[in-house]
Amino acid sequence: MVNLILFGPPGSGKGTQSANIIDKYGLLHLSTGDLLRAEIAEKTPLGLEAKKFIDQGALVPDEVVIGMISTKLDANPEAKGFIFDGFPRTTAQAEALDKLLALKKTAISMVLSLEVPEDELVRRLLNRGLTSGRTDDANEGVVKARIVEYHNKTAPVADHYGKFGKFKKVKGDGTVDSTFELLSKEIDELVS
Ligand code: B4P
């Protein structure tokens, strides 16, 4: 079983590349961003609560996202592997994920981290904000708040997996296709 974390700051291309990876490798895609946006669209109590954080560029509380991921793991016992996109975003989430996977007698195989300069991240997110309708891409202040949140709370997740030799940086500022080629090389080594 191959379980990957696609890691990186907001706008680094996690969602974009996840779509390519699931097509090629048949892994099950678990994106906390997508799950939260679905809850918001349905106006569930969880979604209404999460929206308050997302609109400000802040992370949603750990217990909310850990609960969502736990439910999805239980609902997909037949999956041949998972790609976690946008999760874990804190060290507490990483520790919880490791425990959930251990209960299923599996573990994270590798964290692939998309490396993109900050000015390119801001450019991509504001550009997406022109058409996506996403409130968190709507203005430069919110976009920058998300990047600060990433440095403060999410970047330490790299150390958590680095300790186990499971963290790999991948250049993410090329084209979508060239980035996918670099990711594929890493994943091919894991699945071969
Ligand atoms: P996410 O949905 O995870 O959003 P993201 O980090 O903005 O995007 P991603 O890196 O996937 O970028 P994408 O491929 O779309 O999270 C949204 C919010 O939900 C968070 O800020 C947080 O509040 C909350 N949340 C989610 N998970 C959480 C968790 N675990 N804990 C707490 N809170 C959580 O690419 C962005 C743009 O760039 C797109 O327009 C794309 O077309 C473009 N692009 C991609 N690759 C490109 C390339 N190579 N060249 C040019 N453009 C490219």
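This report looks at the residues around the ligand in a predicted model and at the binding-site positions that a database record lists.

## The shell around the ligand

In this predicted model, 27 residues surround the ligand, and Gly13, Gly15, Thr32, Gly33 and Gly86 come nearest. Several helices take part in this shell, since two or more residues are given to it by each of α1 (14-25), α2 (32-41), α3 (45-54), α6 (118-132) and α9 (176-191). Sorted by class, the shell is made up of 12 polar, 9 nonpolar and 6 charged residues.

## A binding site around Lys14 and Gly15

An unreviewed UniProt entry gives the annotation "binding site" to Gly11, Ser12, Gly13, Lys14, Gly15, Thr16, Arg128 and Gly174. Two of the residues in that annotation, Lys14 and Gly15, can be followed in more detail, and both have their place in helix α1, as is computed for Lys14 and for Gly15.

Lys14 counts as buried because 24 other C-beta atoms lie within 10 Å, where 20 or more are needed for that label. Gly15, by contrast, has 16 other C-beta atoms within 10 Å and is therefore partly exposed. If residues up to four places away in sequence are not counted, Lys14 touches Leu6, Gly8, Asp85, Gly86 and Leu114. With such sequence neighbours again left aside, Gly15 is in contact with Ser31, Gly33 and Asp85, so that Asp85 appears among the contacts of Lys14 as well as those of Gly15.

## A second group of annotated positions

The unreviewed UniProt entry also places the feature "binding site" at Thr32, Arg37, Ala58, Leu59, Val60, Gly86, Phe87, Pro88, Arg89, Gln93, Arg134 and Arg146. These positions are spread over 115 residues of sequence, and they are spread in space too, with up to 24.1 Å between C-alpha atoms. Thr32 and Gly86, which belong to this group, are also among the residues that come nearest to the ligand.

## Arg37 and Gln93

Which of the labels, buried or partly exposed, fits Arg37? Arg37, which has its place in helix α2, counts as partly exposed because it has 17 C-beta neighbours inside 10 Å.

Gln93 lies in helix α5, which runs over residues 91-103, and its 23 C-beta neighbours inside 10 Å are the reason why Gln93 counts as buried. Once its neighbours within four places in sequence are left aside, Gln93 is in contact with Asp62, Val65, Ile66, Phe87 and Pro88, and of these contacts Phe87 and Pro88 also carry the "binding site" feature in the UniProt record.

Terms used
Residues are numbered from 1 along each chain as its sequence is written. This is a predicted model: local features need pLDDT of at least 70, side-chain atom pairs count only at pLDDT 80 or more; totals for chains, interfaces and linings use all residues. A residue is near a molecule or strand if its C-beta atom, placed from the backbone, lies within 6 Å of it. Helices (H or I, at least four residues) and strands (E, at least two) are DSSP runs, numbered from the N terminus. Ala, Val, Leu, Ile, Met, Phe, Trp, Tyr, Cys and Pro count as nonpolar, Asp, Glu, Lys and Arg as charged, and the others, Gly among them, as polar. UniProt positions are given in the numbering used here, feature names are shortened, and annotations may be inferred rather than shown by experiment. A residue is buried if 20 or more other C-beta atoms lie within 10 Å of its own, exposed if 12 or fewer, and partly exposed in between; C-beta atoms are placed from the backbone. Two residues are in contact if their C-beta atoms, placed from the backbone, lie within 7 Å.
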